[in-house]
Amino acid sequence: MKKDYSKEHQNYLKKQKIGIFITHLSRILLLFAVFGIWELVAKAGIVDPFITSSPSRIIKAIEELYLSGSLFSHTWATLLETILAFSISTMAGFLIALLLYSIPPIRKILEPYLIVLNSLPKVALGPLIIVWIGAGTKAIVTMGVLICIIVTTIGILNGFIGVEEEKLKLFKTLGANKLQVLTKLILPASFPTIISVLKINVGLAWVGVIMGEYLNSSAGLGFLIVYGGQIFKLDLVMAAIIILCLLASIMYFIIALFEYLVNKKRNK
Amino acid sequence: MGNVLSINNVSQIYHTKQNETLALSNLTLTANEGEFISIVGPSGCGKTTILSLIAGLIKPTKGSVYIQNKEISGPTTLASYMFQKDNLLEWLNIYKNVTIGLSLQHKNTETNKKRVIELLEKYGLGDFIKSYPQELSGGMRQRVALIRTLATNPDILLLDEPFSALDYQTRLNVQNDVFNIIKRERKTAILVTHDINEAVAMSDKIIVLSARPGTVKCEVHLSFSAELSPEDRRKEPLFYEFYNQIWEALK
Ligand SMILES: Nc1ncnc2c1ncn2[C@@H]1O[C@H](COP(=O)(O)OP(=O)(O)O)[C@@H](O)[C@H]1O
Ligand SMILES: [Mg+2]
């Protein structure tokens, strides 16, 4: 719909647009400024690039990784573990939340255990996981899942419980059966909560996987970080961190895109 | 004209950890086809409980509830509920909100769809069929909620203080609209309210409840002529007579 707005309103819209543009521009400039200053102070010898690294050295480190053929294998290892940890914990957490929601007595019984498990620092379980599952990808994914799953379960469960009592009454008087209440009311009503849980979960999955790689691994970005630290190659550490930042943002962006698409489909 | 609704000697006790509450005690009431009944009474006297019993959301501790001579023993689609909040689903457009009951009951037939669209058009919502609840004013949202209750063609409409969240001006307008819609669609309606003004303006019969445990204190039949709208009724001298009568009964 195009409307003929008054001059004042057109001016207002223009100002808004300029404001948004300035915000975006400032963000990009800030990023360049930080990297630029970092590079300059390292070049000028104000800080020791051996300790602080520098953007150009990071790029070189990434290049070296690429030339040695291990850039993709390390990145892929971590990415795969994270995607696995994220998907497994999301699906399992969702199913557990559904079970707890549908059967209130089980929910009551398990409530204190959920709270304890939630406050337990899951890293403490690292040695157990290695003994039980063995070192390697499986152990790392398990670590990621452990860190994510409780938060997912509690978050999604709260979303389900948060559906208004009156709406449930309404559905009953409209003749809805249990499955219909779930698919037509509970799930769509808690969609915003589920999305925010997913967004938190992406971050946690990375935390869990990197944690797992610290504990035991011979590949992956977490391994590169630990290894780089041990041999005092901080360029390598920084390179791995930068790649992590990029991947984490991309995954977050994918979820935001999913949210946007579902909302668009709903509002059609 | 038969009894659409009859509540026979119903008592309702609520149990909680701290207490048991006798909410209703030996309550009896009937409604004829097409009758508009208001239930007034002090807050906490069991008005909402009566509606929940009729809708089959709770089972009476004692006594029985019949709609169209069928005993109510669980949630029933014979009665349809309208709340203080419109409870529209923000992820569905107006048309889908209104037809949610029909889809849940697998009654989305062409005839029913046409009827709903006619209702929306007749009551000033035709341009908003594709809009979302967020885009509508409070008064319009309540009208949508009413059409949702009408869509499944229930025998009885249950209205639980449906206007109390609206501002004064809107409330008068929506009362008028709802009254007209219900009368034109020839529905039986039970309205719960604590607003005497509203009860006198809209009903054929007012039931005054005592404080908890709720029992029928008195019934007042309002002898306005049938063609008067709530707005017209407010201008009648009779209006104040009834108003005072209810006021006295409530004291
Ligand atoms: N689910 C419930 N559990 C326990 N007590 C309840 C429940 N629902 C209502 N009550 C009690 O029953 C009484 C009547 O409630 P209600 O029917 O909601 O009154 P009203 O609608 O007239 O304000 C109140 O004292 C209320 O506290
Ligand atoms: Mg009430």
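**Figure 1. Ligand 1 and the side chain of B:Thr49 in the predicted model.** An oxygen atom of ligand 1 lies 2.5 Å from an N or O atom in the side chain of B:Thr49, and this figure, like those that follow, shows a predicted model. The side chain of B:Thr48 also takes part, with one of its N or O atoms 2.7 Å from an oxygen atom of the ligand. In the case of B:Cys45 it is a polar backbone atom that is found 3.3 Å from an oxygen atom of ligand 1. The residues that surround the ligand include the run B:Ser43, B:Gly44, B:Cys45, B:Gly46, B:Lys47, B:Thr48 and B:Thr49, and they are joined by B:Tyr14, B:Thr16, B:Ala23 and B:Arg212.

**Figure 2. A cis peptide bond between B:Arg212 and B:Pro213.** B:Arg212, one of the residues around ligand 1, is linked to B:Pro213 by a cis peptide bond, for which omega is about -5°. B:Pro213 itself is placed in the loop that runs between β9 (205-209) and β10 (216-221) of chain B. Such a bond is worth a second look because most peptide bonds are trans.

**Figure 3. A positive phi at B:Asn87.** In the loop between β6 and α2 (94-98) of chain B sits B:Asn87, a residue other than glycine whose phi is nevertheless positive, with a value near 55°. For residues other than glycine, a negative phi is what most of them have.

**Figure 4. The two domains of chain B and the boundary between them.** Chain B is divided into domain 1, which is assembled from residues 1-78, 156-166 and 187-251, and domain 2, which covers residues 86-153. The C-alpha centres of these two domains of chain B are 26 Å apart. Where they meet, five residues of domain 1 of chain B are in contact with eight residues of domain 2 of chain B. The area buried between domain 1 and domain 2 of chain B is about 540 Å², and carbon and sulfur atoms give 64% of it. The side of domain 1 of chain B that touches domain 2 of chain B is made up of three nonpolar residues, one polar residue and one charged residue. How many salt bridges are counted between domain 1 and domain 2 of chain B? The count is zero, although two residue pairs are in polar contact across this interface of chain B.

**Figure 5. The interface of chain B and chain A.** Here 26 residues of chain B are in contact with 19 residues of chain A, and the area buried between the two chains is about 2,000 Å², of which carbon and sulfur atoms give 62%. Which three residues supply more than any other three of the area that chain B buries against chain A? They are B:Phe83, B:Trp91 and B:Leu104, which together supply 35% of that area.

**Figure 6. A salt bridge between B:Lys85 and A:Glu164.** One salt bridge is found across the interface of chain B and chain A: B:Lys85 pairs with A:Glu164, and their closest N and O atoms are 2.2 Å apart. Four residue pairs are also counted in polar contact between chain B and chain A. On the side of chain B that touches chain A, the elements that give two or more residues are α1 (47-55), β6 (79-82) and α3 (100-104) of chain B, and the largest share, four residues, comes from α3(B). Sorted by kind, the residues on this side of chain B are twelve nonpolar, eleven polar and three charged.

**Figure 7. The domains of chain A and a salt bridge between two of its helices.** The domain assignment of chain A gives domain 1 (1-47) and domain 2 (61-266), and their C-alpha centres lie 33 Å apart. Over all chains, the count of salt bridges comes to 14. In the one shown here, the side chains of A:Asp235 and A:Arg57 meet with an N to O distance of 3.0 Å. Because A:Asp235 lies in helix α12 (residues 234-266) of chain A and A:Arg57 in helix α3 (residues 55-67) of chain A, the pair ties together parts that are 178 residues apart in sequence.

How values were computed
Residues numbered from 1 in each chain as written. Chains lettered and ligands numbered in written order. Predicted model: local features only at pLDDT ≥ 70, side-chain atom pairs only at ≥ 80, totals over all residues. Heavy atoms only, no water. Domains from an automatic or database assignment. Contact = heavy atoms within 4.5 Å. Buried area = accessible area lost by both parts, 1.4 Å probe. Salt bridge = Lys/Arg side-chain N within 4 Å of Asp/Glu carboxyl O. Polar contact = N/O pair within 3.5 Å; in protein donor to acceptor, adjacent residues only side chain to side chain. Nonpolar A, V, L, I, M, F, W, Y, C, P; charged D, E, K, R; others polar. Near = heavy atom within 4 Å.
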